[in-house]
Amino acid sequence: MEKIIKRLLIFGFLSSILILATIISVLWIYSNKLPDYKYLKSYKPPVSSKLYSGNGILVSDFSSEKRIFVPYAAISQKVINAFLSAEDKNFFDHPGVDAKGVIRAIKNNIFNVIYSKRLEGASTITQQVAKNFLLSNEVSINRKIKEAILAFRIERALTKERILELYLNEIYLGSGSYGIAAASLRYFDKPITDL
């Protein structure tokens, strides 16, 4: 009996070392091929060119994206809470990747595959910032690994408020509107301060 227990312990130990070595190797390989995330500290969105008539009426807007950058301090707490509730309710508590969310998504996606339902994502707001600013929209495990590594790095380099500011000013909200300020004007005909 002791022999079996000893073999199981050795097998478990060797399996743990193999798994750990695999994880470290994957992280090492992907870490060397990541884009520079540090420019996000001083990121400013592209400015649009607008042509006005002599009496101040907008004649033409030459921007391909309708975007108005709004600093974090100018965004109401209700708007922030609405996005956190819908996108990442644990945003202020996780280090860039929400482990509970990933486990939940894996569990739910097993059943979603069985019943041919739409798959759930587990991306945090920080991961979405990494994808939107630094990566492509490619759907692959490679991108998800890069996204997770970048999310941890971004969380170390930026404040939560800055990450949320970037996210809320970058996301596409339909009808050519990028960011919450442009969407507020487009859908409600109100500035973001009135929402």
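Lys160 and Glu155 pair up in a salt bridge in this predicted model, with 3.0 Å between the closest N and O atoms. Lys160 sits at 15% relative accessibility, so it counts as buried, the cut-off being under 20%. Glu155 also comes out at 15% relative accessibility and therefore counts as buried. Salt bridges with shared partners also tie Arg143, Lys144 and Glu147 into one network. The overall count of salt bridges is 4.

That network runs along helix α5. Arg143 bridges to Glu147, the closest N and O atoms being 3.0 Å apart. The two residues are both in α5, 4 residues apart, or about one turn of the helix, and both are buried. Glu147 also meets Lys144 in a salt bridge, again described by an N to O distance of 3.0 Å. Here the spacing is 3 residues within α5, so about one helical turn separates Glu147 from Lys144. Why does such spacing suit a pairing along a helix? An α-helix has 3.6 residues a turn, so residues three or four places apart point the same way. Side chains of opposite charge can then pair when their charged atoms come close. As for exposure, Glu147 has just 1% relative accessibility and so counts as buried, whereas Lys144, at 31%, counts as partly exposed.

Lys144 turns up again in the largest pocket, which has a volume of about 840 Å³. This pocket is lined by 23 residues, and Lys144 is among those nearest its centre, along with Glu120, Gly121, Ala122 and Ser123. Helices α3, α4 (125-134) and α5 (141-157) each put at least two residues into the lining, with α5 giving the largest share, 7 residues. By type, the lining splits into 12 nonpolar, 6 polar and 5 charged residues.

The second largest pocket holds about 300 Å³ of space. It is lined by 15 residues, and those closest to its centre are Glu87, Asp88, Lys89, Asp98 and Arg104. The lining takes at least two residues each from α2 (77-87) and α3. Its make-up is 2 nonpolar, 7 polar and 6 charged residues.

Helix α3 thus contributes to the lining of the largest pocket and to that of the second largest. The helix covers residues 99-114, 16 residues in total, and spans 23 Å from first C-alpha to last, close to the expected 22 Å. Its buried residues are Gly101, Ala105, Asn109 and Asn112. After α3 comes Ser116, with a positive phi near 55 degrees.

Technical notes
Residues are numbered from 1 along each chain as its sequence is written. This is a predicted model: local features need pLDDT of at least 70, side-chain atom pairs count only at pLDDT 80 or more; totals for chains, interfaces and linings use all residues. Side-chain values use heavy atoms; hydrogens and water are left out. The expected span of a helix is 1.5 Å times one less than its number of residues. Buried means under 20% relative accessible area, exposed over 50%, partly exposed in between (1.4 Å probe, protein chains only). On a 1 Å grid over the protein atoms alone, a cavity is a set of points where a 1.4 Å probe fits but cannot get out, and a pocket is an open set with protein on both sides within 12 Å along at least five of seven lines; lining residues have an atom within 4 Å of a point. Grid points are joined across faces, edges and corners, and a volume is the space filled by probe spheres set on the points. Ala, Val, Leu, Ile, Met, Phe, Trp, Tyr, Cys and Pro count as nonpolar, Asp, Glu, Lys and Arg as charged, and the others, Gly among them, as polar. A salt bridge is a side-chain nitrogen of Lys or Arg within 4 Å of a carboxyl oxygen of Asp or Glu.
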